[in-house]
Amino acid sequence: MPTPEESGDLVKLTPTDFFESIGQKAGHLAPTTNGTNGAAHTDDDDEKVVEEIESLCMNCHENGTTRMLLTKIPYFREVILMSFSCDKCGFSNSEIQSAGTIQPKGSRYLLRLTDMTDFERSVVKSDTAIVKFIELDLEVPAGRGQLTNVEGLLTTIMDDLELGQEARKEQLPEVYTKVGEIIKKGRAMLAGEVFPFRLSVDDPAGNSWITPNMRDGVGKWEKHEYVRTPEQNEALGLAATNPATGDASTDDDEIIPDQVYEFPATCPGCMHPCTTKMKMVDIPHFKAVVLMSTVCADCGYRSNDVKTGGAIPELGKKITLRVETPEDLARDILKSESCSLESPELNLQVNPGTLGGRFTTVEGLLTQVRNDLHNQIFETGAEGGDSLQTDERSQWAAFFDGIDAAIKGEKKFTVILADPLASSYVQKTVDPDQDDPQITTEDYERTEQEEEDLGLKDMKVEGYEAGNTNGTAETNGA
């Protein structure tokens with residue numbers, strides 16, 4: 001029977017055909033390894049997992065070998081692993097590059113290390129990512145891409161710093177001393193003597209990653225997406241095409257509730273002009289909120305968000321809802337961007353800023369959390385990638401089964417919203433002037449960390465006019 005190639009039919013290959021997991025690639029080699037009746041195959045047409053290319057060595061200018069592996073990383077996406085070695089001079093290096101496109105938004109990951117097992121977290125650092133060890137006050141600028149873990153990343157940085165210490169000792173004694181202190185503290189971190197500390201990976205291209213763990217609590221692992229600045233777009237080779245121009249004048253007219261406003265914007269995905277729609281909605285017995293929606297007709301990018309306004313309250317608010325019947329899933333719920341979400345029965349914790357602001361129902365909120373997590377964990381295939389251990393896969397499966405049961409109304413659970421800005425809301429099923437027996441609210445004082453994260457410690461609301469006047473007078477007097 002003729003093959004598609006022999007019959008003249010074209011075979012359409014998808015990215016999945018090129019970017020297979022390590023386990024799948026190894027499976028293709030099994031017949032070659034086992035052979036036939038104990039004898040190995042010697043056919044030159046056997047499939048090669050690693051592509052080899054002869055290339056120039058930049059050290060001795062002789063020919064070396066570059067090896068490339070196209071694969072998929074669990075929890076992440078397709079990547080290209082490359083390594084070069086020269087038999088003439090012994091020079092070698094390795095690099096990782098993203099095989100995907102630049103993401104619509106940049107991403108920032110923050111991991112708080114508290115024990116030695118956190119050093120085993122996998123880290124994908126693209127060539128556009130900036131790495132920071134915050135407690136070390138150390139920043140590594142964008143450069144060579146790496147696929148490693150936290151221990152390997154910190155070890156490489158310490159080794160690179162130690163490499164130039166002898167020259168610094170003679171030429172820059174002051175710098176030598178400061179770098180020595182950083183190296184000493186970094187080695188103490190690697191030895192497990194300095195806990196906790198934080199690792200930040202900021203990638204404007206959105207192609208970097210720190211592996212999460214389903215046991216991570218609030219503040220342990222965080223992911224934030226953001227709109228790139230024009231400078232970051234320029235550095236990535238992106239620029240606005242036919243940017244929308246309009247009058248810079250602004251109107252002081254008040255926003256009319258329930259009226260849809262449109263204003264020009266720039267799509268963060270393709271940088272083409274698009275339209276953002278805005279509408280103010282008055283939530284009964286709560287406050288007015290602003291619904292915003294952006295849709296790009298060119299690339300299909302869409303996003304929606306909820307913004308709350310008003311004065312910043314002195315206390316935060318924690319709302320606890322006991323979901324006991326399927327009807328409770330239809331309650332309206334407003335989760336602001338500063339609000340964290342927790343459900344002990346579902347083993348679910350969502351950090352502030354992860355989902356942005358959302359105005360939906362309890363069922364809708366759980367569905368979105370479930371879909372986002374499932375896409376992140378099992379994005380590389382139905383089995384979650386070859387490196388996902390069996391016990392870990394079963395834990396994730398049980399976790400998603402619990403959420404699915406809650407969405408169907410088959411399981412009772414509790415939803416806890418902790419909002420330091422008291423801008424979140426859960427609908428009551430009784431009269432507004434009565435207490436809902438399934439809802440508990442309590443005010444609490446914000447922690448030091450929450451005050452700092454919200455920028456309230458740096459905010460000056462009294463006496464700033466006098467300070468500005470004094471500064472102007474001193475300048476004029478000089």
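How many bridges join strand S1 to strand S2, and do the two strands run parallel or antiparallel? Select residues 51-56 for S1 and residues 63-72 for S2, and you will find six bridges between strands that run antiparallel. Please keep in mind throughout the tour that you are looking at a predicted model.

**The hairpin of S1 and S2**

Within this pair of strands, pick isoleucine 53 and look across to threonine 66 in S2, which stands opposite. Then move to the six residues between the strands of this hairpin, where histidine 61 takes a positive phi near 65°.

**The hairpin of S3 and S4**

Next, select residues 78-85, which are strand S3, together with residues 92-98, which are strand S4; seven bridges join them, and they run antiparallel. Choose methionine 82 and follow it across to S4, where its bridge partner is glutamate 95. These two strands form a hairpin with six residues between them, and in the turn you can select glycine 90, which has a positive phi of about 85°.

**Aromatic rings**

Stay with this region and display the rings of phenylalanine 84 and phenylalanine 91, one of the 11 aromatic pairs that the structure holds. A pair of aromatic rings is described by the distance of the centres and the angle of the planes. Here the centres are 6.3 Å apart and the planes stand at 50°, so the pair is tilted. Is phenylalanine 84 buried or exposed? With a relative accessible area of 10%, phenylalanine 84 is buried, whereas phenylalanine 91, at 32%, counts as partly exposed.

For a pair with another geometry, go to tryptophan 396 and phenylalanine 399, which are edge-to-face, with 5.7 Å from centre to centre and 85° between the planes. Both residues lie in helix H8 (residues 390-407), and because they are three residues apart there, about one helical turn separates them. Tryptophan 396 is buried, and phenylalanine 399 is buried as well. Before leaving the rings, select Phe119, Phe133, Phe195 and Phe197, which ring pairs link into a cluster.

**Lysine 220 and tyrosine 226**

Now turn to lysine 220, in the loop between strand S11 (209-210) and strand S12 (221-226). Lysine 220 counts as buried because its relative accessibility is 13%, a value that falls under the 20% limit for buried residues. Show the side chains of lysine 220 and threonine 114, and you will see a polar contact of 2.7 Å joining them. Beyond its neighbours within four places in sequence, lysine 220 is in contact with several residues, including Leu110, Arg112, Asp118 and Arg121.

Continue into strand S12, where tyrosine 226 has its place; at 13% relative accessibility, this tyrosine also counts as buried. A polar contact of 2.5 Å joins the side chains of tyrosine 226 and aspartate 202. Tyrosine 226 and arginine 108 are 118 residues apart in sequence, yet their C-alpha atoms are 8.0 Å apart in space, and Arg108 is among the contacts of tyrosine 226, as are Lys105 and Gln232.

**Helix H7 and the whole chain**

Select residues 362-377 to highlight helix H7, whose 16 residues reach 23 Å from the first C-alpha to the last, close to the 22 Å expected at 1.5 Å a residue. Among the buried residues of H7 are Val362, Leu365, Leu366 and Ile377.

Finally, show the complete protein chain, which has 10 helices and 24 strands. Of its 478 residues, 34% are buried, and the chain exposes about 28300 Å², of which carbon and sulfur atoms supply 49%.

Key:
Residues are numbered from 1 along each chain as its sequence is written. This is a predicted model: local features need pLDDT of at least 70, side-chain atom pairs count only at pLDDT 80 or more; totals for chains, interfaces and linings use all residues. Side-chain values use heavy atoms; hydrogens and water are left out. Helices (H or I, at least four residues) and strands (E, at least two) are DSSP runs, numbered from the N terminus. Buried means under 20% relative accessible area, exposed over 50%, partly exposed in between (1.4 Å probe, protein chains only). A polar contact is a pair of N or O atoms within 3.5 Å; within protein, one must be able to donate a hydrogen and the other to accept it, and residues adjacent in sequence count only if both atoms are side-chain atoms. Contact means heavy atoms within 4.5 Å. Accessible areas come from the Shrake-Rupley method with a 1.4 Å probe; for residues, only the protein chains shown count as cover. Two strands pair if DSSP finds at least two bridges between them. The expected span of a helix is 1.5 Å times one less than its number of residues. Rings of Phe, Tyr and Trp (its six-membered ring) pair if their centres lie within 6.5 Å; planes under 30 degrees apart count as stacked, over 60 as edge-to-face and the rest as tilted.
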